[in-house]
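Here is a walk through one protein model, from its packing to its charged pairs and a couple of odd backbone angles. Keep the viewer open while you read.

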Amino acid sequence: MRADMRIDGMAYAHATVGGDDATQAVIRIYEKLDREDVNALLIGGAAVSWFNIIDLQEVFRTVQRPAISLTYEASPGLEGYLREYFPQSKDKLRSYQRLGNRQAMRLKTGHEVYVRVFGATAEEARNMLNKFTKDGRVPEPVRVARLAARAALHADDTCR
């Protein structure tokens with residue numbers, strides 16, 4: 001999404017449910033877009049597809065653009081769930097721990113979000129989130145991505 005709120009491209013990638021391939025899925029999306037004018041990646045959460053952890057540091061290192069992950073509620077995090085659901089996977093737990101803590105951030109809309117930022121300062125991230133959040137707490141690129149993902153997930157081949 002451009003700064004003027006126009007959607008200027010869209011791409012999809014698959015991440016395995018409960019797997020460890022979400023990082024590569026995010027990188028594939030960036031590569032599929034093949035756009036030099038992408039300034040940052042805004043990502044709704046750092047765990048997708050049932051605890052498939054996105055390595056935000058790796059995303060930043062690979063695409064050389066700031067990676068900002070955000071969530072919308074305070075919580076104790078996923079560590080307890082990872083220990084319960086994946087007791088044999090020390091790698092998954094370490095991947096999550098490498099993300100570090102989320103930082104609470106108040107937006108111009110008055111709503112608070114919780115972010116992890118790689119490749120930018122907290123203030124730069126706040127400015128970007130404020131630029132792209134028209135109301136509420138969900139930035140437009142994340143809101144539109146959610147809508148597109150839901151539509152793709154529920155696509156019915158009989159509706160042509």
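## The nonpolar cores

The largest nonpolar core has 23 residues, and the members that touch the most others are Leu41, Ile54, Leu56 and Val59. At least two residues of this core come from each of α1 (22–33), β1 (41–44), α2 (56–63) and α4 (90–98). Helix α1 gives the largest share, with five residues. Bear in mind that this is a predicted model.

Zoom in on Leu41 for a closer look at the packing. Setting aside residues up to four places away in sequence, Leu41 touches Val26, Tyr30, Val59, Val63, Arg65, Pro66, Ala67 and Ile68. There is also another core, apart from the largest one, with 12 residues that include Leu42, Met105, Leu107 and Leu129.

## Helix α6

Helix α6 covers residues 140–153, and its 14 residues should span 20 Å at 1.5 Å a residue. The C-alpha atoms at its ends are 20 Å apart, so the model agrees with that expectation.

Which residues of α6 are buried? They are Glu140, Pro141, Val142, Val144 and Ala148. As for what they pack against, the buried residues of α6 meet β1, β4 (67–71) and α5 (122–132).

## Two buried polar side chains

Asn52 sits in strand β3 (residues 52–53). Its relative accessible area is 0%, so Asn52 is buried. A polar atom of the Asn52 side chain lies 2.9 Å from the backbone nitrogen of Ala22. Not counting residues up to four places away in sequence, Asn52 touches Ala15, Thr16, Gly19, Asp20, Asp21, Ala22, Ala46, Ala47 and Lys92.

That last name brings us to helix α4, where Lys92 lies. Is Lys92 buried or exposed? With a relative accessible area of 2%, Lys92 is buried. A polar atom of its side chain lies 2.9 Å from the backbone oxygen of Phe51. Leaving aside neighbours within four places in sequence, Lys92 is in contact with Gly18, Gly19, Asp20, Phe51, Asn52, Ile53, Leu82 and Phe86.

## Salt bridges

A search of the whole structure turns up 13 salt bridges. One of them joins the side chains of Glu36 and Arg65, at 3.8 Å from N to O. Glu36 is in the loop between α1 and β1 while Arg65 is in the loop between α2 and β4, so this pair ties together parts that are 29 residues apart in sequence. The two ends have their own surroundings: Glu36 counts as exposed at 68% relative accessibility, whereas Arg65 counts as buried at 15%.

Another pair stays inside one helix. Glu123 and Arg126 form a salt bridge, with their closest N and O atoms 3.3 Å apart. Why are they separated by about one helical turn? Because Glu123 and Arg126 are three residues apart in helix α5. Glu123 counts as partly exposed at 44% relative accessibility, and Arg126 is partly exposed as well, with a relative accessible area of 22%. Elsewhere, salt bridges that share partners join Arg2, Asp4, Arg6, Asp8, Arg35 and Asp37 into one network.

Within that network, the side chains of Asp8 and Arg2 meet in a salt bridge at 3.9 Å, N to O. Asp8 is partly exposed, with a relative accessible area of 35%, and Arg2 is partly exposed too, at 33%.

## Positive phi angles

Now for the backbone. Most residues other than glycine have a negative phi. Asp34 has a positive value, near 50 degrees, and is a residue other than glycine. It is placed in the loop between α1 and β1. At a relative accessible area of 65%, Asp34 is exposed.

Trp50 also has a positive phi, about 60 degrees, although it is not a glycine. Look for Trp50 in the loop between β2 (47–48) and β3. Trp50 counts as partly exposed at 45% relative accessibility.

Note on methods
Residues are numbered from 1 along each chain as its sequence is written. This is a predicted model: local features need pLDDT of at least 70, side-chain atom pairs count only at pLDDT 80 or more; totals for chains, interfaces and linings use all residues. Side-chain values use heavy atoms; hydrogens and water are left out. A nonpolar core is a set of buried Ala, Val, Leu, Ile, Met, Phe, Trp, Tyr and Cys residues joined through side-chain atoms within 4.5 Å. Buried means under 20% relative accessible area, exposed over 50%, partly exposed in between (1.4 Å probe, protein chains only). Helices (H or I, at least four residues) and strands (E, at least two) are DSSP runs, numbered from the N terminus. Contact means heavy atoms within 4.5 Å. The expected span of a helix is 1.5 Å times one less than its number of residues. A polar contact is a pair of N or O atoms within 3.5 Å; within protein, one must be able to donate a hydrogen and the other to accept it, and residues adjacent in sequence count only if both atoms are side-chain atoms. A salt bridge is a side-chain nitrogen of Lys or Arg within 4 Å of a carboxyl oxygen of Asp or Glu.
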